[in-house]
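Me: Happy to have company on this one! Could you take a look at the following model with me, and may I put some questions to you about it?

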Amino acid sequence: MAPTVLHLRSETKPLEHRSALTPKTTAELIKAGYVVNVERSSERIFEDDEFSAVGATLVPEGSWVDAPKEHIIVGLKELEEKEFPLKHVHVQFAHCYKQQAGWETVLARFPRGGGTLLDLEFLVDDRGRRVAAFGFHAGFAGAALAIEVWSWQLNHSEPFPGVQSYPNEDALIANVKKALDAGVAKAGRAPRVIVIGALGRCGSGAVTALQKAGVPEESILKWDMAETAVGGPFKEIAESDIFVNCIYLTSKIPNFVNLESLNSTPDRKLSVVCDVSADTTSPFTPVPIYTVATTFDHPTVPVDGLKGGPACSVISIDHLPSLLPREASEAFSHDLLPHLLTLNDWHNSPVWARADKLFQDKVATLPASALEK
């Protein structure tokens, strides 16, 4: 039997430096009998030579389009918005299962070409727990950026400038510590930060970043299901300087915060929201105070309609872990590896089979017009 070929595509999302496969996991896959083709990439945090050194075959950027149908295409973020149908099995985050804007067009490309989407966001074990996620590093990066934005807004009148990825965590934390010191010097106190979802992967990452940056423990409000059970909106959010939302939702719950709750809170302090989930256009968002996804080039968007108090900015970058691309990629790919090793028989692997069933269920909800393009 011919070996299964995995094709690691280059990422096309601006400033996306992460990778679903790393040289370490690639070496393990090759050791297990897989053939791994790796597209050359100047954006990926890992050098091309790191992959070839462990036995991967380097192929041209974008060559996945013409790869044989039986090759499995492995990527990270969503594909470029194109019209042509997709014939391969794709392993990636597609962001089209929660009725995001344009979801029909994105999803329909797969059945139109006879392809399959195995969405990394929905790879779960038999208990429904995700087998691999970037949550910790998303929360870590989001909280770090939130501190920087809080400090910037205290000391500058112009919008927070664009940011770039860091070579490692130490470099990021050093920068955040400087920002925190500048903010404290201006405000005369440390910021109060509320993290919702503090007990999960994402929330623990956010709390860890705040602690490493030097935010006093008494200034970090760690909320989870117990604290939010009564249903929002919550005045504690408006009374904090920074709100980091780390909740992952697949159904609607009462909003944590909205424009009315911000405008009805006397002496509102909230000036920065980091919506780590970044479900900007999802009807399930518990943070309906903005409608624009932000980017590393333009990290914040203002909250419109405030009647008083400080300006409030939202960070809604949907690939925050790319701020720490090496550590985030290594952690994610390590957790994903046991399941990557079963891709040669993915139909009979429970994790992949569940992802396939979800794909088929979502395809069944597509309007006929989406399939006719």
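Me: Is E78 buried, partly exposed or exposed, and what is its relative accessibility?
Reply: Keep in mind that this is a predicted model. Partly exposed covers the range between under 20% and over 50% relative accessible area. E78 falls in that range and counts as partly exposed, with a relative accessibility of 23%.

Me: Which residue does the side chain of E78 meet in a salt bridge?
Reply: A salt bridge needs a Lys or Arg side-chain nitrogen within 4 Å of an Asp or Glu carboxyl oxygen. Here the N to O distance is 3.1 Å. The partner of E78 is K13.

Me: How many residues apart are E78 and K13?
Reply: This pair links distant parts of the chain. E78 sits in the loop between β4 (72-74) and β5 (89-92), while K13 belongs to the loop between β1 (5-8) and α1 (23-31). They are 65 residues apart.

Me: Which residue is linked with K13 and E78 in a network of salt bridges?
Reply: The side chains of E78 and K13 already meet in one salt bridge. The network they belong to has one further member, D318.

Me: Where do the residues of the salt bridge between K212 and E169 lie, and how far apart are their N and O atoms?
Reply: K212 is in helix α6 (residues 201-213) and E169 is in helix α5 (residues 169-187), 43 residues apart. K212 is partly exposed at 40% relative accessible area, whereas E169 is buried at 19%. Their side chains meet with an N to O distance of 2.5 Å.

Me: D125 forms a salt bridge with R127; which of the two is buried and which exposed?
Reply: The closest N and O atoms of the pair are 3.4 Å apart. R127, at 69% relative accessibility, counts as exposed. With a relative accessible area of 19%, the buried partner is D125.

Me: How many salt bridges does the structure hold?
Reply: Among them are the pairs E78 with K13, D125 with R127 and K212 with E169. The total for the structure is 15.

Me: Why does C274 form no disulfide, and which cysteine has the closest sulfur?
Reply: C274 is buried, with a relative accessible area of 0%. A disulfide calls for two cysteine sulfur atoms within 2.5 Å. The closest cysteine sulfur is 7.4 Å from that of C274, so the two are too far apart for a bond; it belongs to C246.

Me: And how many disulfides does the structure hold?
Reply: C312 is another buried cysteine, at 2% relative accessible area. Its sulfur is 12 Å from the closest cysteine sulfur, in C274, and that is too far for a bond. The count of disulfides in the structure is 0.

Me: Are α1 and α10 roughly parallel or roughly antiparallel, and what is the hand of their crossing?
Reply: T25, E28 and L29 in α1 meet S333, H334, L337 and L340 in α10. The axes are 10 Å apart, at an angle of about 15°. Angles under 35 degrees count as roughly parallel, so α1 is roughly parallel to α10. The crossing is right-handed.

Me: How far is I72 from V89 in space?
Reply: I72 lies in strand β4 and is buried, with a relative accessible area of 4%. Beyond its neighbours within four places in sequence, I72 has contacts that include V5, V89, L343 and W346. I72 and V89 are 17 residues apart in sequence, and their C-alpha to C-alpha distance is 5.2 Å.

Key. Residues numbered from 1 in each chain as written. Predicted model: local features only at pLDDT ≥ 70, side-chain atom pairs only at ≥ 80, totals over all residues. Heavy atoms only, no water. Buried < 20%, exposed > 50% of the residue type's maximum accessible area, 1.4 Å probe, protein only. Helix = DSSP H or I, 4+ residues; strand = E, 2+ residues; numbered from the N terminus. Axes fitted to C-alpha atoms, helices over the stretch in contact; angles between N-to-C directions. Parallel < 35°, antiparallel > 145°, perpendicular 65-115°, else oblique. Left-handed = near helix turned anticlockwise from the far one by under 90°. Contact = heavy atoms within 4.5 Å.
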